[in-house]
Amino acid sequence: MNYTFLIYQNAAAFALRTDPDEKKRTAYRSVWPPYTQALRDAGVFVDGAGLEPPQTAVTLRNGTGQVQDGPFADTKEQLAGFYIIDVADLDAALEWAARIPAASGSVIEIRPNLVAPPAQSARPVSSEVAEARP
Amino acid sequence: MRFSILTYETPDNFAARSDSRREQLFGAVFRYIEELRQAGVFAGGAGLELPHTATTIRFRDGERLVQDGPYADSKEQLGGLFVIDVPDEASAVAWAKRCPREPGRVVELRAHLAPLNLA
């Protein structure tokens, strides 16, 4: 069963990415590859990515088409990255999530992934969508 | 260049997953994924179960505090994400604009760091 780990970090943690002190930058960066490798070695890694900082985000109000710079949420912590893992159950997912090398002040949200109904995922593109494609 | 298209949904959009609007809601998403695939830009993603199924772990001074529920207490909550691989940000914005429209849905576009490097 797939679970997504949403990694939220505060401004101080984001700032470490570009800290003038190379040791601090390295300390921040170097913890992630071993964790990713541990997921791979355990055969549970599905996907994952670090995200550029929130100020680089573009937000679109889908109903109106309005486009704004910046992230959607105005929360103190902002999404910094995610992992998708494939494990037997929530307990296993929580064990892996607790091992995430996140800095103090970080928050990890663990969410089960939707399972696409095979009939729907296999549905062919309708002709109207095909015609709308540039 | 990889981007995540993060979709934030209203409670009503989450409710639509399990009522008469379900087929229309998911049908639009699957057609969008098919468009991304046929354009050769689809690179992954995930639909997420309802926010109340979330578990949250807060990291504080070496402690890990586990709670039920999502991180944010906002009205809109993350519903899923699409990962796309496109030449530049303009292409990413164009694809984000084509994300299926639902009332109240908000789409956030964020570039990925170098692959699998969370720093």
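Below, a colleague quizzes a modeller about a predicted model of two chains, A and B.

Colleague: Let's start with confidence. What makes you trust some parts of chain A over others?
Modeller: The pLDDT score, which runs from 0 to 100. Chain A averages 87, and 85% of its residues score at least 70. Confidence is highest in E6(A), at 98, and lowest in helix H6 (residues 127-132) of chain A, at a mean of 39. Over residues 119-134 of chain A, pLDDT stays under 50, and the model has 13 contacts there beyond four places in sequence.

Colleague: Which elements make up chain A, and in what order?
Modeller: Chain A has six helices and six strands. Starting at the N terminus, they go β-α-α-α-β-β-β-β-α-β-α-α. Of its 134 residues, 33% count as buried. As for contacts between residues at least 6 apart in sequence, 74% of those in chain A join residues at least 24 apart.

Colleague: Why is Asp88(B) called exposed?
Modeller: Count the neighbours. A residue is exposed if 12 or fewer other C-beta atoms lie within 10 Å of its own. Asp88(B) has 10, so it counts as exposed. You'll find Asp88(B) in the loop between E5 and H3 of chain B. Its C-alpha atom is 9.4 Å from that of Phe3(B), although 85 residues separate the two along the chain.

Colleague: What makes you say that H3(B) has a buried face?
Modeller: Begin with the residues themselves: in helix H3 (residues 89-97) of chain B, Ala92(B), Trp95(B) and Ala96(B) are buried. Looking down the helix axis, these buried residues fall within an arc of 100°, so they line one face. On the other side of H3(B) sit Ala90(B) and Ala94(B), which are exposed.

Colleague: What do the buried residues of H3(B) pack against?
Modeller: Pieces of both chains. From chain A there is strand E3 (58-61). From chain B there are strand E1 (2-9), helix H2 (22-38), strand E5 (77-85) and strand E6 (106-111).

Colleague: How do you know that a sheet runs across both chains?
Modeller: Read the strand order: E4(A)-E3(A)-E6(B)-E1(B)-E5(B)-E2(B), an open sheet of six strands with antiparallel pairing. Strand E4 (66-69) of chain A and E2 of chain B are called edge strands, as each pairs on one side only. From one strand to the next, the twist averages 20°.

Colleague: What makes E3(A) and E6(B) a pair?
Modeller: Two strands pair if there are at least two bridges between them. E3(A) and E6(B) have four, in the antiparallel sense, so by that cut-off they pair. One partnership to look for is Val58(A) with Leu109(B) in E6(B). H3(B) packs on this sheet, touching E3 of chain A along with E1, E5 and E6 of chain B, and its direction makes about 160° with that of E6(B).

Colleague: Where do E3(B) and E4(B) fit in?
Modeller: They belong to another open sheet of six strands, ordered E2(A)-E5(A)-E1(A)-E6(A)-E3(B)-E4(B), with antiparallel pairing. Its edge strands are strand E2 (45-50) of chain A and E4 of chain B. Helix H3 (residues 32-41) of chain A packs on this sheet, touching E2 and strand E5 (78-86) of chain A. The direction of that helix makes about 165° with that of E2(A).

Colleague: Which strand of chain A is joined to E3(B)?
Modeller: Strand E6 (residues 107-112) of chain A, through four bridges, and the two run antiparallel. Ile108(A) stands opposite Ile57(B). Ile57(B) also has a bridge partner in E4(B), namely Val66(B). E3(B) and E4(B) pair over six bridges and form a hairpin with two residues between them. In the turn, Asp61(B) has a positive phi of about 50°.

Colleague: Why do you say E4(B) lies largely in the open?
Modeller: To be buried, a residue needs 20 or more neighbours within 10 Å. Of the six residues of E4(B), the number that count as buried is zero, so the strand lies largely in the open.

Colleague: Last one: how many residues are in contact between the chains?
Modeller: 51 residues of chain B touch 53 residues of chain A. Among the elements giving two or more residues to that side of chain B are H2, H3 and E6. By class, that side of chain B has 26 nonpolar, ten polar and 15 charged residues.

Terms used: Residues numbered from 1 in each chain as written. Chains lettered and ligands numbered in written order. Predicted model: local features only at pLDDT ≥ 70, side-chain atom pairs only at ≥ 80, totals over all residues. Arc of directions from axis to C-beta. Contact = placed C-beta atoms within 7 Å. Nonpolar A, V, L, I, M, F, W, Y, C, P; charged D, E, K, R; others polar. Axes fitted to C-alpha atoms, helices over the stretch in contact; angles between N-to-C directions. pLDDT = per-residue confidence, 0-100.
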